[in-house]
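Trainee: I would like to learn how to read a protein model step by step. Could you take me through one, giving the general idea before each case?

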Amino acid sequence: MPAQDPATQRGGRTLDPWYDNYARRTSGLTVSEVRALFAVASRPEVVSLAGGSPFVSALPEELVRGAFDRMMREHGADALQYGGGQGIPQLRERILELMALAGISGASADDVVTTTGSQHAIDLVTKLFINPGDVILLETPSYVGALGTFKSYEADVRHVDMDEEGLNLEALEEAIRRARAEGKAVKFLYTIPNYNNPTGVTMSAARRREVLDLCIREGVLIVEDDPYGLLYFDEPSPKAIRSLDEEHVLYLGSFSKILSPGVRVGFVLAPHGIREKLILAVESSILSPSTLNQWLVTEYLEGSDWQAQIDTFRHTYRERRDAMMAALEEHLPQLSWTVPKGGFFTWVQLPETLDSKQMLPLATKELVAYTPGTGFYADGRGHDKIRLSFSLPAPERIRLGVRRLANVINDELEMIETFGGFQKPAEDDNRFASAPPDLV
Ligand code: PMP
(Lines give C-alpha, C1' and ligand atoms only; values in the text may rest on other atoms or scores of the structure.)
Protein backbone atom coordinates (compact mmCIF):
# COMPACT_ATOMS: atom_id res chain seq x y z
CA MET A 1 0.00 0.00 0.00
CA PRO A 2 1.11 3.64 0.22
CA ALA A 3 4.38 2.77 1.96
CA GLN A 4 5.53 0.66 -1.02
CA ASP A 5 4.24 3.04 -3.61
CA PRO A 6 7.10 4.71 -5.50
CA ALA A 7 5.06 7.93 -5.59
CA THR A 8 5.34 8.09 -1.80
CA GLN A 9 9.04 7.51 -1.92
CA ARG A 10 9.26 10.45 -4.31
CA GLY A 11 7.36 12.50 -1.77
CA GLY A 12 3.74 11.72 -2.78
CA ARG A 13 2.45 13.03 0.56
CA THR A 14 4.07 16.39 0.19
CA LEU A 15 2.87 16.74 -3.40
CA ASP A 16 -0.69 15.73 -2.60
CA PRO A 17 -2.12 16.42 0.87
CA TRP A 18 -4.94 13.90 0.23
CA TYR A 19 -2.51 11.12 -0.49
CA ASP A 20 -3.38 9.06 2.62
CA ASN A 21 -7.10 9.31 1.96
CA TYR A 22 -7.24 7.47 -1.34
CA ALA A 23 -8.98 4.10 -1.55
CA ARG A 24 -6.65 1.13 -1.66
CA ARG A 25 -7.74 0.27 -5.20
CA THR A 26 -6.18 3.47 -6.55
CA SER A 27 -2.75 1.90 -6.15
CA GLY A 28 -3.70 -0.03 -9.30
CA LEU A 29 -4.23 3.22 -11.20
CA THR A 30 -0.98 3.82 -13.02
CA VAL A 31 -0.36 5.75 -16.20
CA SER A 32 -0.79 3.40 -19.15
CA GLU A 33 2.21 3.07 -21.41
CA VAL A 34 0.02 3.86 -24.38
CA ARG A 35 -1.37 7.05 -22.87
CA ALA A 36 2.05 8.13 -21.72
CA LEU A 37 3.26 7.79 -25.27
CA PHE A 38 0.86 10.34 -26.65
CA ALA A 39 2.98 13.20 -25.29
CA VAL A 40 5.95 12.14 -27.37
CA ALA A 41 4.38 10.43 -30.32
CA SER A 42 1.90 13.12 -31.23
CA ARG A 43 4.57 15.55 -32.38
CA PRO A 44 4.28 15.87 -36.16
CA GLU A 45 7.93 15.12 -36.87
CA VAL A 46 7.68 11.75 -35.09
CA VAL A 47 6.37 8.81 -37.13
CA SER A 48 4.11 7.17 -34.59
CA LEU A 49 3.70 3.43 -34.88
CA ALA A 50 2.57 3.55 -31.25
CA GLY A 51 -1.08 4.38 -30.46
CA GLY A 52 -3.97 2.41 -31.87
CA SER A 53 -6.04 5.27 -33.24
CA PRO A 54 -8.24 4.57 -36.25
CA PHE A 55 -7.77 6.51 -39.48
CA VAL A 56 -10.89 8.66 -39.10
CA SER A 57 -9.93 10.78 -42.11
CA ALA A 58 -11.16 7.87 -44.24
CA LEU A 59 -14.65 8.78 -43.06
CA PRO A 60 -16.21 11.31 -45.48
CA GLU A 61 -17.29 14.42 -43.63
CA GLU A 62 -20.61 14.61 -45.50
CA LEU A 63 -21.55 11.14 -44.21
CA VAL A 64 -21.22 12.25 -40.61
CA ARG A 65 -22.68 15.69 -41.24
CA GLY A 66 -25.73 14.07 -42.89
CA ALA A 67 -26.26 11.85 -39.84
CA PHE A 68 -25.91 14.89 -37.54
CA ASP A 69 -28.46 16.88 -39.54
CA ARG A 70 -31.00 14.06 -39.65
CA MET A 71 -30.50 13.39 -35.96
CA MET A 72 -31.23 16.99 -34.99
CA ARG A 73 -34.12 17.32 -37.43
CA GLU A 74 -35.88 14.09 -36.51
CA HIS A 75 -34.81 13.30 -32.95
CA GLY A 76 -33.44 16.58 -31.62
CA ALA A 77 -35.63 16.75 -28.53
CA ASP A 78 -34.88 13.15 -27.52
CA ALA A 79 -31.22 13.48 -28.35
CA LEU A 80 -30.86 16.43 -25.99
CA GLN A 81 -32.75 14.72 -23.17
CA TYR A 82 -31.76 12.03 -20.59
CA GLY A 83 -32.30 8.48 -21.77
CA GLY A 84 -32.63 5.05 -20.17
CA GLY A 85 -29.71 3.15 -18.68
CA GLN A 86 -29.97 0.37 -21.24
CA GLY A 87 -29.59 2.66 -24.24
CA ILE A 88 -32.07 3.71 -26.89
CA PRO A 89 -34.09 0.82 -28.41
CA GLN A 90 -33.63 2.00 -32.02
CA LEU A 91 -29.85 1.72 -31.73
CA ARG A 92 -30.04 -1.62 -29.95
CA GLU A 93 -32.12 -2.95 -32.88
CA ARG A 94 -29.46 -1.75 -35.33
CA ILE A 95 -26.72 -3.35 -33.27
CA LEU A 96 -28.35 -6.72 -33.99
CA GLU A 97 -27.54 -6.18 -37.69
CA LEU A 98 -23.95 -5.41 -36.86
CA MET A 99 -23.62 -8.50 -34.70
CA ALA A 100 -25.15 -10.64 -37.47
CA LEU A 101 -21.99 -9.85 -39.48
CA ALA A 102 -20.01 -11.51 -36.68
CA GLY A 103 -22.23 -14.59 -37.01
CA ILE A 104 -24.49 -13.78 -34.05
CA SER A 105 -28.07 -14.43 -35.07
CA GLY A 106 -31.27 -14.73 -33.09
CA ALA A 107 -30.21 -12.27 -30.38
CA SER A 108 -32.78 -9.91 -28.92
CA ALA A 109 -32.38 -6.14 -28.65
CA ASP A 110 -33.61 -6.62 -25.06
CA ASP A 111 -30.31 -8.26 -24.24
CA VAL A 112 -28.18 -5.43 -25.62
CA VAL A 113 -26.90 -2.66 -23.35
CA THR A 114 -25.19 0.33 -24.95
CA THR A 115 -22.15 1.77 -23.23
CA THR A 116 -19.74 4.68 -23.49
CA GLY A 117 -17.28 2.78 -25.68
CA SER A 118 -16.33 -0.81 -24.98
CA GLN A 119 -13.84 0.39 -22.38
CA HIS A 120 -16.85 1.35 -20.29
CA ALA A 121 -18.25 -2.14 -20.83
CA ILE A 122 -14.99 -3.67 -19.58
CA ASP A 123 -15.22 -1.48 -16.50
CA LEU A 124 -18.86 -2.39 -15.81
CA VAL A 125 -18.30 -6.11 -16.20
CA THR A 126 -15.29 -5.98 -13.88
CA LYS A 127 -17.26 -3.97 -11.35
CA LEU A 128 -20.05 -6.57 -11.44
CA PHE A 129 -17.88 -9.63 -10.98
CA ILE A 130 -14.63 -8.83 -9.24
CA ASN A 131 -13.95 -8.78 -5.55
CA PRO A 132 -10.33 -7.92 -4.68
CA GLY A 133 -8.18 -10.99 -5.30
CA ASP A 134 -10.59 -12.73 -7.71
CA VAL A 135 -8.93 -14.25 -10.74
CA ILE A 136 -9.34 -13.00 -14.32
CA LEU A 137 -7.71 -15.11 -17.02
CA LEU A 138 -6.53 -13.52 -20.25
CA GLU A 139 -4.28 -13.96 -23.23
CA THR A 140 -0.51 -13.49 -23.16
CA PRO A 141 -0.15 -10.59 -23.82
CA SER A 142 -3.41 -8.63 -23.70
CA TYR A 143 -5.00 -5.19 -24.13
CA VAL A 144 -3.38 -2.60 -21.88
CA GLY A 145 -6.69 -0.77 -21.23
CA ALA A 146 -8.33 -3.93 -19.91
CA LEU A 147 -5.32 -4.68 -17.72
CA GLY A 148 -5.60 -1.18 -16.24
CA THR A 149 -9.28 -1.67 -15.44
CA PHE A 150 -8.71 -5.11 -13.92
CA LYS A 151 -5.93 -3.75 -11.73
CA SER A 152 -8.11 -0.86 -10.59
CA TYR A 153 -10.58 -3.42 -9.16
CA GLU A 154 -7.69 -5.31 -7.52
CA ALA A 155 -8.20 -8.44 -9.61
CA ASP A 156 -5.62 -11.20 -9.64
CA VAL A 157 -4.84 -11.13 -13.37
CA ARG A 158 -3.29 -14.28 -14.83
CA HIS A 159 -2.00 -14.73 -18.35
CA VAL A 160 -2.65 -17.88 -20.35
CA ASP A 161 -0.16 -18.87 -23.06
CA MET A 162 -1.13 -18.64 -26.71
CA ASP A 163 -0.06 -20.27 -29.93
CA GLU A 164 -0.81 -19.27 -33.52
CA GLU A 165 -4.43 -20.46 -33.12
CA GLY A 166 -5.09 -18.44 -29.97
CA LEU A 167 -5.38 -19.48 -26.33
CA ASN A 168 -3.61 -22.71 -25.49
CA LEU A 169 -6.20 -25.13 -24.11
CA GLU A 170 -3.94 -27.04 -21.76
CA ALA A 171 -2.58 -23.80 -20.35
CA LEU A 172 -6.13 -22.54 -19.84
CA GLU A 173 -7.21 -25.70 -18.08
CA GLU A 174 -4.11 -25.64 -15.91
CA ALA A 175 -4.62 -21.98 -14.99
CA ILE A 176 -8.20 -22.69 -13.87
CA ARG A 177 -7.09 -25.74 -11.91
CA ARG A 178 -4.20 -23.93 -10.23
CA ALA A 179 -6.28 -20.92 -9.22
CA ARG A 180 -8.96 -23.14 -7.70
CA ALA A 181 -6.37 -25.23 -5.89
CA GLU A 182 -5.27 -21.95 -4.28
CA GLY A 183 -8.84 -21.38 -3.15
CA LYS A 184 -9.39 -18.55 -5.64
CA ALA A 185 -12.55 -17.74 -7.57
CA VAL A 186 -12.02 -17.67 -11.34
CA LYS A 187 -14.54 -15.03 -12.38
CA PHE A 188 -14.05 -14.79 -16.11
CA LEU A 189 -11.85 -15.32 -19.13
CA TYR A 190 -11.23 -12.08 -21.04
CA THR A 191 -10.39 -12.75 -24.67
CA ILE A 192 -9.90 -10.77 -27.89
CA PRO A 193 -10.33 -13.54 -30.48
CA ASN A 194 -10.09 -11.30 -33.56
CA TYR A 195 -6.79 -9.57 -34.36
CA ASN A 196 -5.80 -9.43 -30.72
CA ASN A 197 -4.47 -6.19 -29.32
CA PRO A 198 -1.42 -6.24 -29.21
CA THR A 199 -0.42 -9.41 -31.11
CA GLY A 200 -2.75 -9.31 -34.13
CA VAL A 201 -3.36 -13.06 -33.64
CA THR A 202 -6.79 -14.54 -34.48
CA MET A 203 -8.28 -17.48 -32.60
CA SER A 204 -9.18 -20.29 -35.03
CA ALA A 205 -12.76 -21.54 -35.35
CA ALA A 206 -11.84 -24.91 -33.84
CA ARG A 207 -10.11 -23.26 -30.88
CA ARG A 208 -13.13 -21.05 -30.20
CA ARG A 209 -15.28 -24.15 -29.88
CA GLU A 210 -12.73 -25.85 -27.61
CA VAL A 211 -12.26 -22.83 -25.37
CA LEU A 212 -16.03 -22.48 -25.07
CA ASP A 213 -16.50 -26.17 -24.25
CA LEU A 214 -13.81 -25.99 -21.59
CA CYS A 215 -15.31 -22.86 -20.04
CA ILE A 216 -18.79 -24.39 -20.01
CA ARG A 217 -17.41 -27.52 -18.37
CA GLU A 218 -15.54 -25.48 -15.77
CA GLY A 219 -18.28 -22.91 -15.20
CA VAL A 220 -16.14 -19.94 -16.31
CA LEU A 221 -17.80 -16.95 -17.98
CA ILE A 222 -16.22 -15.72 -21.24
CA VAL A 223 -15.93 -11.99 -21.91
CA GLU A 224 -15.42 -11.76 -25.67
CA ASP A 225 -14.06 -8.33 -26.66
CA ASP A 226 -14.47 -7.77 -30.40
CA PRO A 227 -13.80 -4.19 -31.53
CA TYR A 228 -11.79 -5.21 -34.63
CA GLY A 229 -13.74 -8.22 -35.96
CA LEU A 230 -15.20 -6.51 -39.05
CA LEU A 231 -11.83 -5.09 -40.07
CA TYR A 232 -10.54 -8.22 -41.81
CA PHE A 233 -8.20 -7.99 -44.79
CA ASP A 234 -9.00 -10.96 -47.00
CA GLU A 235 -11.66 -13.17 -45.53
CA PRO A 236 -13.99 -12.68 -42.59
CA SER A 237 -12.79 -13.92 -39.22
CA PRO A 238 -14.39 -17.07 -37.74
CA LYS A 239 -17.80 -16.56 -36.15
CA ALA A 240 -17.89 -14.98 -32.72
CA ILE A 241 -17.74 -17.31 -29.72
CA ARG A 242 -21.08 -15.78 -28.70
CA SER A 243 -22.61 -17.21 -31.89
CA LEU A 244 -22.02 -20.69 -30.41
CA ASP A 245 -23.55 -20.10 -26.99
CA GLU A 246 -25.70 -17.46 -25.37
CA GLU A 247 -25.46 -18.38 -21.69
CA HIS A 248 -21.72 -18.42 -21.06
CA VAL A 249 -20.53 -15.48 -23.15
CA LEU A 250 -20.69 -11.72 -22.74
CA TYR A 251 -20.02 -10.13 -26.13
CA LEU A 252 -18.51 -6.61 -26.25
CA GLY A 253 -18.63 -4.50 -29.41
CA SER A 254 -17.72 -0.95 -30.35
CA PHE A 255 -18.28 1.73 -32.97
CA SER A 256 -14.83 3.19 -32.30
CA LYS A 257 -13.01 1.37 -35.08
CA ILE A 258 -15.79 1.11 -37.67
CA LEU A 259 -17.13 4.65 -37.25
CA SER A 260 -15.31 6.90 -34.79
CA PRO A 261 -13.87 6.62 -31.28
CA GLY A 262 -14.99 10.20 -30.67
CA VAL A 263 -18.64 9.15 -30.53
CA ARG A 264 -17.78 6.83 -27.59
CA VAL A 265 -20.49 4.28 -28.29
CA GLY A 266 -20.02 0.59 -27.55
CA PHE A 267 -22.30 -2.20 -26.46
CA VAL A 268 -22.67 -5.50 -24.61
CA LEU A 269 -24.79 -8.49 -25.53
CA ALA A 270 -25.38 -10.28 -22.26
CA PRO A 271 -27.18 -13.33 -20.92
CA HIS A 272 -30.51 -12.26 -19.42
CA GLY A 273 -29.59 -12.08 -15.73
CA ILE A 274 -26.31 -10.28 -16.30
CA ARG A 275 -28.07 -7.77 -18.55
CA GLU A 276 -30.25 -6.65 -15.62
CA LYS A 277 -27.23 -6.14 -13.40
CA LEU A 278 -25.40 -4.31 -16.18
CA ILE A 279 -28.21 -1.81 -16.56
CA LEU A 280 -28.13 -1.14 -12.82
CA ALA A 281 -24.39 -0.69 -13.02
CA VAL A 282 -24.75 1.80 -15.90
CA GLU A 283 -27.38 3.74 -13.97
CA SER A 284 -25.29 3.87 -10.84
CA SER A 285 -22.25 5.16 -12.69
CA ILE A 286 -23.53 7.49 -15.45
CA LEU A 287 -27.38 7.33 -15.36
CA SER A 288 -27.48 6.73 -19.08
CA PRO A 289 -25.04 6.69 -21.99
CA SER A 290 -25.12 9.82 -24.18
CA THR A 291 -28.46 9.93 -26.00
CA LEU A 292 -27.07 12.43 -28.49
CA ASN A 293 -24.27 10.12 -29.55
CA GLN A 294 -26.53 7.08 -29.64
CA TRP A 295 -28.95 8.90 -31.94
CA LEU A 296 -26.06 10.00 -34.11
CA VAL A 297 -24.90 6.41 -34.53
CA THR A 298 -28.49 5.27 -35.16
CA GLU A 299 -28.91 7.83 -37.92
CA TYR A 300 -25.53 6.92 -39.37
CA LEU A 301 -26.56 3.25 -39.50
CA GLU A 302 -30.02 3.98 -40.89
CA GLY A 303 -29.14 6.63 -43.45
CA SER A 304 -25.78 5.67 -44.92
CA ASP A 305 -24.05 2.76 -46.59
CA TRP A 306 -22.06 1.95 -43.47
CA GLN A 307 -21.01 -1.46 -44.74
CA ALA A 308 -19.36 0.16 -47.77
CA GLN A 309 -17.58 2.50 -45.35
CA ILE A 310 -16.28 -0.51 -43.40
CA ASP A 311 -14.98 -1.89 -46.73
CA THR A 312 -13.11 1.38 -47.26
CA PHE A 313 -11.54 1.07 -43.81
CA ARG A 314 -10.61 -2.55 -44.50
CA HIS A 315 -8.86 -1.69 -47.77
CA THR A 316 -7.01 1.21 -46.19
CA TYR A 317 -5.77 -0.92 -43.30
CA ARG A 318 -4.83 -3.81 -45.55
CA GLU A 319 -2.66 -1.51 -47.67
CA ARG A 320 -0.99 -0.25 -44.49
CA ARG A 321 -0.50 -3.75 -43.09
CA ASP A 322 1.17 -4.72 -46.39
CA ALA A 323 3.40 -1.63 -46.25
CA MET A 324 4.50 -2.51 -42.73
CA MET A 325 5.15 -6.17 -43.51
CA ALA A 326 7.21 -5.24 -46.59
CA ALA A 327 9.19 -2.62 -44.65
CA LEU A 328 9.94 -5.07 -41.82
CA GLU A 329 11.13 -7.64 -44.35
CA GLU A 330 13.34 -5.08 -46.04
CA HIS A 331 14.85 -3.38 -42.99
CA LEU A 332 14.67 -5.88 -40.14
CA PRO A 333 14.82 -9.31 -41.76
CA GLN A 334 16.62 -10.78 -38.74
CA LEU A 335 13.57 -10.24 -36.49
CA SER A 336 10.23 -12.08 -36.34
CA TRP A 337 6.75 -10.61 -36.16
CA THR A 338 3.11 -11.63 -36.53
CA VAL A 339 1.22 -11.22 -39.81
CA PRO A 340 -2.26 -9.99 -38.79
CA LYS A 341 -5.26 -10.92 -40.91
CA GLY A 342 -7.11 -7.83 -39.76
CA GLY A 343 -7.09 -5.07 -37.17
CA PHE A 344 -4.36 -2.55 -36.39
CA PHE A 345 -1.30 -4.28 -34.94
CA THR A 346 1.74 -6.45 -35.43
CA TRP A 347 3.82 -7.80 -32.56
CA VAL A 348 7.55 -7.84 -33.00
CA GLN A 349 10.04 -10.05 -31.19
CA LEU A 350 13.34 -8.23 -30.57
CA PRO A 351 16.66 -9.87 -29.73
CA GLU A 352 16.41 -10.51 -26.00
CA THR A 353 19.40 -8.31 -25.18
CA LEU A 354 17.28 -5.28 -26.08
CA ASP A 355 14.97 -3.52 -23.67
CA SER A 356 12.11 -1.93 -25.60
CA LYS A 357 11.23 0.54 -22.85
CA GLN A 358 14.78 1.77 -22.42
CA MET A 359 15.20 2.03 -26.17
CA LEU A 360 12.13 4.24 -26.63
CA PRO A 361 13.79 7.61 -25.89
CA LEU A 362 16.46 6.76 -28.45
CA ALA A 363 13.78 5.86 -30.96
CA THR A 364 11.86 9.08 -30.42
CA LYS A 365 15.14 10.94 -30.83
CA GLU A 366 15.32 9.27 -34.23
CA LEU A 367 11.71 10.42 -34.74
CA VAL A 368 9.90 7.12 -34.56
CA ALA A 369 7.67 5.80 -31.73
CA TYR A 370 6.37 2.35 -30.87
CA THR A 371 4.70 0.79 -27.84
CA PRO A 372 7.01 -1.20 -25.55
CA GLY A 373 5.81 -4.74 -24.86
CA THR A 374 5.81 -4.50 -21.06
CA GLY A 375 2.49 -2.62 -20.88
CA PHE A 376 0.62 -5.63 -22.22
CA TYR A 377 1.62 -7.98 -19.40
CA ALA A 378 0.46 -7.92 -15.81
CA ASP A 379 3.60 -9.69 -14.66
CA GLY A 380 6.53 -7.63 -15.95
CA ARG A 381 7.29 -9.62 -19.09
CA GLY A 382 7.64 -8.13 -22.56
CA HIS A 383 10.92 -6.19 -22.39
CA ASP A 384 12.00 -7.73 -25.71
CA LYS A 385 8.70 -7.19 -27.53
CA ILE A 386 7.13 -4.17 -29.22
CA ARG A 387 3.72 -3.46 -30.66
CA LEU A 388 3.66 -1.65 -33.98
CA SER A 389 0.45 -0.08 -35.20
CA PHE A 390 -0.22 0.55 -38.88
CA SER A 391 -3.69 2.07 -38.58
CA LEU A 392 -2.90 5.77 -38.62
CA PRO A 393 0.21 6.63 -40.69
CA ALA A 394 0.09 6.55 -44.50
CA PRO A 395 2.12 3.78 -46.19
CA GLU A 396 5.10 6.03 -46.98
CA ARG A 397 5.25 7.17 -43.34
CA ILE A 398 5.11 3.54 -42.23
CA ARG A 399 8.08 2.75 -44.49
CA LEU A 400 9.98 5.74 -43.11
CA GLY A 401 9.12 4.79 -39.52
CA VAL A 402 10.28 1.20 -39.91
CA ARG A 403 13.52 2.37 -41.56
CA ARG A 404 14.19 4.67 -38.62
CA LEU A 405 13.32 1.92 -36.18
CA ALA A 406 15.72 -0.44 -37.91
CA ASN A 407 18.51 2.13 -37.50
CA VAL A 408 17.80 2.41 -33.78
CA ILE A 409 17.67 -1.35 -33.27
CA ASN A 410 20.81 -2.00 -35.29
CA ASP A 411 22.70 0.80 -33.50
CA GLU A 412 21.67 -0.60 -30.14
CA LEU A 413 22.73 -4.10 -31.05
CA GLU A 414 26.08 -2.80 -32.24
CA MET A 415 26.49 -0.80 -29.04
CA ILE A 416 25.73 -3.82 -26.89
CA GLU A 417 28.15 -5.94 -28.86
CA THR A 418 30.91 -3.35 -28.64
CA PHE A 419 30.46 -2.06 -25.09
CA GLY A 420 28.27 -4.74 -23.54
CA GLY A 421 25.64 -2.22 -22.44
CA PHE A 422 22.86 0.10 -23.35
CA GLN A 423 23.09 3.61 -24.76
CA LYS A 424 21.42 6.04 -22.36
CA PRO A 425 20.33 9.47 -23.53
CA ALA A 426 22.81 12.12 -22.40
CA GLU A 427 22.09 13.65 -18.97
CA ASP A 428 21.51 17.08 -20.46
CA ASP A 429 19.19 15.78 -23.16
CA ASN A 430 15.93 17.32 -22.00
CA ARG A 431 14.12 16.73 -25.26
CA PHE A 432 11.85 14.25 -23.49
CA ALA A 433 11.15 16.44 -20.50
CA SER A 434 7.47 16.60 -21.33
CA ALA A 435 7.13 12.82 -21.52
CA PRO A 436 5.93 11.09 -18.36
CA PRO A 437 8.80 9.74 -16.24
CA ASP A 438 8.00 6.06 -16.60
CA LEU A 439 8.70 6.30 -20.30
CA VAL A 440 12.09 7.83 -20.38
N1 PMP B 1 -10.90 -3.44 -26.40
C2 PMP B 1 -9.81 -3.47 -27.18
C3 PMP B 1 -9.19 -4.79 -27.49
C4 PMP B 1 -9.27 -2.29 -27.70
O5 PMP B 1 -8.19 -2.35 -28.48
C6 PMP B 1 -9.89 -1.06 -27.38
C7 PMP B 1 -9.36 0.27 -27.88
N8 PMP B 1 -8.09 0.33 -28.27
C9 PMP B 1 -11.02 -1.08 -26.57
C10 PMP B 1 -11.50 -2.28 -26.10
C11 PMP B 1 -11.74 0.18 -26.16
O12 PMP B 1 -12.37 0.76 -27.23
P13 PMP B 1 -13.55 1.83 -27.10
O14 PMP B 1 -13.74 2.15 -25.66
O15 PMP B 1 -13.10 3.00 -27.89
O16 PMP B 1 -14.74 1.14 -27.68
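Mentor: We will go through the ligand, the salt bridges, a helix and a sheet in turn, keeping in mind that this is a predicted model.

Trainee: Let us begin with the ligand: how many residues surround the ligand, and which are the closest?

Mentor: A good habit is to list the neighbours before looking at single contacts. Here 14 residues surround the ligand, and the closest are Ser118, Asp225, Tyr228, Ser254 and Ser256. Sorted by class, this shell has five nonpolar, six polar and three charged residues, and the element that gives the most to it is helix H6 (residues 117-129), with three residues.

Trainee: Which side chains have a polar atom close enough to an oxygen atom of the ligand to count as a contact, if the cut-off is 3.5 Å?

Mentor: Three cases can be given. In the side chain of tyrosine 228, an N or O atom is 2.6 Å from an oxygen atom of the ligand; for arginine 264, a polar side-chain atom lies 2.8 Å from a ligand oxygen; and for asparagine 197 the corresponding distance is 2.9 Å. As for cover, the ligand has 400 Å² of accessible area on its own, and the protein covers 91% of that area.

Trainee: How many salt bridges does the structure hold, and how should I read one of them?

Mentor: The general idea is that side chains of opposite charge can pair when their charged atoms come close. The structure holds 25 salt bridges. One of them joins the side chains of glutamate 299 and arginine 70, with N and O 3.1 Å apart. Glutamate 299 belongs to helix H11 (residues 291-303) and arginine 70 to helix H4 (residues 61-79), so this pair ties together parts that are 229 residues apart in sequence. Glutamate 299 is also buried, its relative accessible area being 4%.

Trainee: Where do the partners lie in the salt bridge between arginine 275 and aspartate 111?

Mentor: In that salt bridge, the closest N and O atoms are 3.3 Å apart. Arginine 275 is in helix H10 (residues 272-286), whereas aspartate 111 is in the loop between helix H5 (89-100) and strand E2 (112-115), so parts that are 164 residues apart in sequence are tied together. Arginine 275 and aspartate 111 are both buried.

Trainee: And what of arginine 321 and aspartate 322?

Mentor: Their side chains meet in a salt bridge, at 2.9 Å from N to O. Arginine 321 is buried, with a relative accessible area of 9%, while aspartate 322 is partly exposed, at 39%. Salt bridges can also share partners, and in this way Asp156, Arg158, Glu182 and Lys184 are joined into one network.

Trainee: Why is helix H13 described as largely enclosed?

Mentor: One counts its buried residues. Seven of the 10 residues of H13 (residues 356-365) are buried, so the helix is largely enclosed by the rest of the structure; among them are Met359, Leu360 and Leu362. At its N-terminal end, aspartate 355 acts as a cap, with a side-chain oxygen 3.0 Å from the backbone nitrogen of lysine 357. After H13 comes leucine 367, which has a positive phi near 65°.

Trainee: Lastly, in what order do the four strands of the open sheet run?

Mentor: The order is E11-E12-E15-E14, with antiparallel pairing. Strands E11 (336-337) and E14 (371-372) are at the edges, each pairing on one side only. E14 is joined to E15 (residues 385-389) by two bridges, and threonine 371 has arginine 387 in E15 as its bridge partner.

Conventions: Residues are numbered from 1 along each chain as its sequence is written. This is a predicted model: local features need pLDDT of at least 70, side-chain atom pairs count only at pLDDT 80 or more; totals for chains, interfaces and linings use all residues. Side-chain values use heavy atoms; hydrogens and water are left out. A residue is near a molecule or strand if one of its heavy atoms lies within 4 Å of it. A polar contact is a pair of N or O atoms within 3.5 Å; within protein, one must be able to donate a hydrogen and the other to accept it, and residues adjacent in sequence count only if both atoms are side-chain atoms. Accessible areas come from the Shrake-Rupley method with a 1.4 Å probe; for residues, only the protein chains shown count as cover. Ala, Val, Leu, Ile, Met, Phe, Trp, Tyr, Cys and Pro count as nonpolar, Asp, Glu, Lys and Arg as charged, and the others, Gly among them, as polar. A salt bridge is a side-chain nitrogen of Lys or Arg within 4 Å of a carboxyl oxygen of Asp or Glu. Buried means under 20% relative accessible area, exposed over 50%, partly exposed in between (1.4 Å probe, protein chains only). Two strands pair if DSSP finds at least two bridges between them.
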